[in-house]
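Please work through the exercises below with the sequence and the model at hand, and try each task before reading its solution.

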Amino acid sequence: NPATRMAHGDAQPKTFDFSNRDLYNAAYIPLFKNEAEFVHLFGSAGSGKSRFAAQKEIVKSFRPERRGRKTLVIRKVAKTLKDSVYSELKGVIYEWKLDDCVELLKSPLQITNNLTGVTFLFIGLDDVEKVKSISGVDRIWIEEATELETLQELQQLRLRLRGFDKVQITLSYNPINVYHWLNQEIHEKRPANHFIFKSTYRDNEKMLAVSPDYATYIESLKDSDPNYYKVYGLGEWGQNAEGLIYPDYQTATEMPNVQWYGLDFGFNDPTALIAGCLIDVPGQPRKSLYWQEALYETGLTSDTLIARMKALGIDENKVMICDSARPEMIADLRKAGFNARPCTKYKGSVVEGINAVKKYDLHIVAGSKNIFREIQNYSWLEKDGRYMDDTPKDGVDHAMDAGRYGLESQNVLPLTTSTFRF
């Protein structure tokens, strides 16, 4: 229904019509009336599920019967909240020009609807005690719900919703692994209080209207990387395939420091920039290798790539090992002041680089969603029923290549003018 709001400095109230169907992707509109206790928004990448979850929570914050209540917005790691769910909600607020009736705080992260007093609280599950101390919550949104390791974590969150007739938890996620508890306990058993809604990128007509090439890119993966396409194209449960190249890695809450970058060029495919560092761990025989996603975007030319890296605050003085197949782009980066160098390629260099990564305990920093997507599908080529441990399967490996390139920084000599032959 239309919501009346008084804008700051205006003598007359303004209205905003939330019932305008043009605001939303059509596939999601029926979900506004869904009152299931748990609503699962799952499916492919780019399906618009997180955007809709944000839109729905904004709309619900204007309901007069929710006056003074709280919406809890959850990620597994608190440090990932600002650039994901907080940014998504803020984007909806500004797109709909509702910023005159909400208060946005960055420290601590908080959004308050000044008309109803509904407050959005942003909590990471790495601070369990903080979650337990909150009361007055009737709605929860859990983004990247596959980060929850057990059903018990979800059940503990449900305990926060008490004292209200109607409560709801929305979970948004990609179906990354058929053995995940969300599939085995929810999708397969279908509890009565759980509503499951599947979407794919084809349901995101607003995104496709702006970026029609996205469909072409996703469909190009159908043959080259079937498991990746199954999860991130079709929105179906994938499987941690045998033959994974990096089966053992851990999730880190933060990057200790940035020592170098690895850069894999693309245009139709994503350009991937990965920050890396090596850390000695007292009492451990192996060093820890950290990777963090710094940039992962399509359609970047030399000029736009340089502009994006400068905007992101990429340290120009850190060594940046780049895909040697694009010497002209490396030259452009160097002219722009970046310490860019070509990687070394020769027969067997890929496997040698993979083995170099495997010498360390690999940690992926939380929030590096495309590194996680790739590493869960990055596997050896299968031939005649066995995996060829000298040939990675051709597929989505842009971040994997960039991470491997960056590690070469530990072996490079000081750069001289004779290093480049463009």
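A residue counts as buried at under 20% relative accessible area, as exposed at over 50%, and as partly exposed in between, with a 1.4 Å probe and protein chains only. The model is a predicted one, in which local features need pLDDT of at least 70 and side-chain atom pairs count only at pLDDT 80 or more, whereas totals for chains, interfaces and linings use all residues. Residues are numbered from 1 along each chain as its sequence is written, and side-chain values use heavy atoms, with hydrogens and water left out.

**Exercise 1. Cysteines**

Determine how many disulfides there are, and consider Cys 322 in particular.

Solution. A disulfide is a covalent bond between the sulfur atoms of two cysteines. The criterion applied here is a pair of cysteine sulfur atoms within 2.5 Å, and by this rule the count is zero. For Cys 322 the closest cysteine sulfur is that of Cys 343, at 8.3 Å, which is too far for a bond. Cys 322 has 0% relative accessibility and is therefore counted as buried; Cys 101, at 2%, is also counted as buried.

**Exercise 2. The open sheet**

Establish the strand order of the eight-stranded open sheet, and then describe the surroundings of β4.

Solution. Helices (H or I, at least four residues) and strands (E, at least two) are DSSP runs numbered from the N terminus, and two strands pair if DSSP finds at least two bridges between them. On this basis the order is β5-β6-β7-β4-β8-β9-β3-β10, and the pairing is mixed. The edges are formed by β5 (102-106) and β10 (194-199), each of which pairs on one side only. From one strand to the next the twist averages 15 degrees, where axes are lines fitted to C-alpha atoms (for helices over the stretch in contact) and angles run from 0 to 180 degrees between N-to-C directions.

Next, take β4 and its partners. With β7 it pairs in the parallel sense over six bridges, and Thr 71 has Phe 120 of β7 as its bridge partner. With β8 the strand β4 also runs parallel, joined by five bridges, and here Ile 74 stands opposite Ile 142. Five of the six residues of β4 are buried, so the strand is largely enclosed by the rest of the structure.

Continue to β8 (residues 137-143) and β9 (residues 168-173), which pair in the parallel sense over five bridges; Arg 139 stands opposite Gln 168 in β9. Finally, add the helices, taking contact to mean heavy atoms within 4.5 Å. Helix α1 (residues 49-61) packs on the sheet, and its direction makes about 165 degrees with that of β8. Helix α4 (residues 151-158) likewise packs on the sheet, touching β3, β4, β8, β9 and β10, and its direction makes about 145 degrees with that of β9.

**Exercise 3. Aromatic pairs around Trp 96**

Classify the pairs that Trp 96 forms with Phe 16 and with Phe 18, and state which parts of the chain they link.

Solution. Rings of Phe, Tyr and Trp (its six-membered ring) pair if their centres lie within 6.5 Å; planes under 30 degrees apart count as stacked, over 60 as edge-to-face and the rest as tilted. The structure holds 18 such pairs. The rings of Phe 16 and Trp 96 have centres 5.5 Å apart and planes at 35 degrees, so this pair is tilted. Because Phe 16 lies in β2 (residues 14-17) and Trp 96 in the loop between α2 (82-95) and β5, the pair ties together parts that are 80 residues apart in sequence. As for burial, Phe 16 has 13% relative accessibility and counts as buried, and Trp 96 is buried with a relative accessible area of 3%.

The pair of Phe 18 and Trp 96 is tilted, with 5.8 Å from centre to centre and 55 degrees between the planes. Phe 18, in the loop between β2 and β3, is 78 residues away from Trp 96, and is buried with a relative accessible area of 6%. Ring pairs extend this into a cluster that includes Tyr 24, Phe 52 and Phe 197.

**Exercise 4. Nonpolar cores**

Identify the residues with the most contacts inside the largest nonpolar core.

Solution. A nonpolar core is a set of buried Ala, Val, Leu, Ile, Met, Phe, Trp, Tyr and Cys residues joined through side-chain atoms within 4.5 Å. The largest has 37 residues, and the most contacts inside it belong to Tyr 246, Leu 289, Trp 291, Leu 362 and Met 400. A second, separate core of 34 residues includes Phe 16, Ala 36, Ile 58 and Phe 120.
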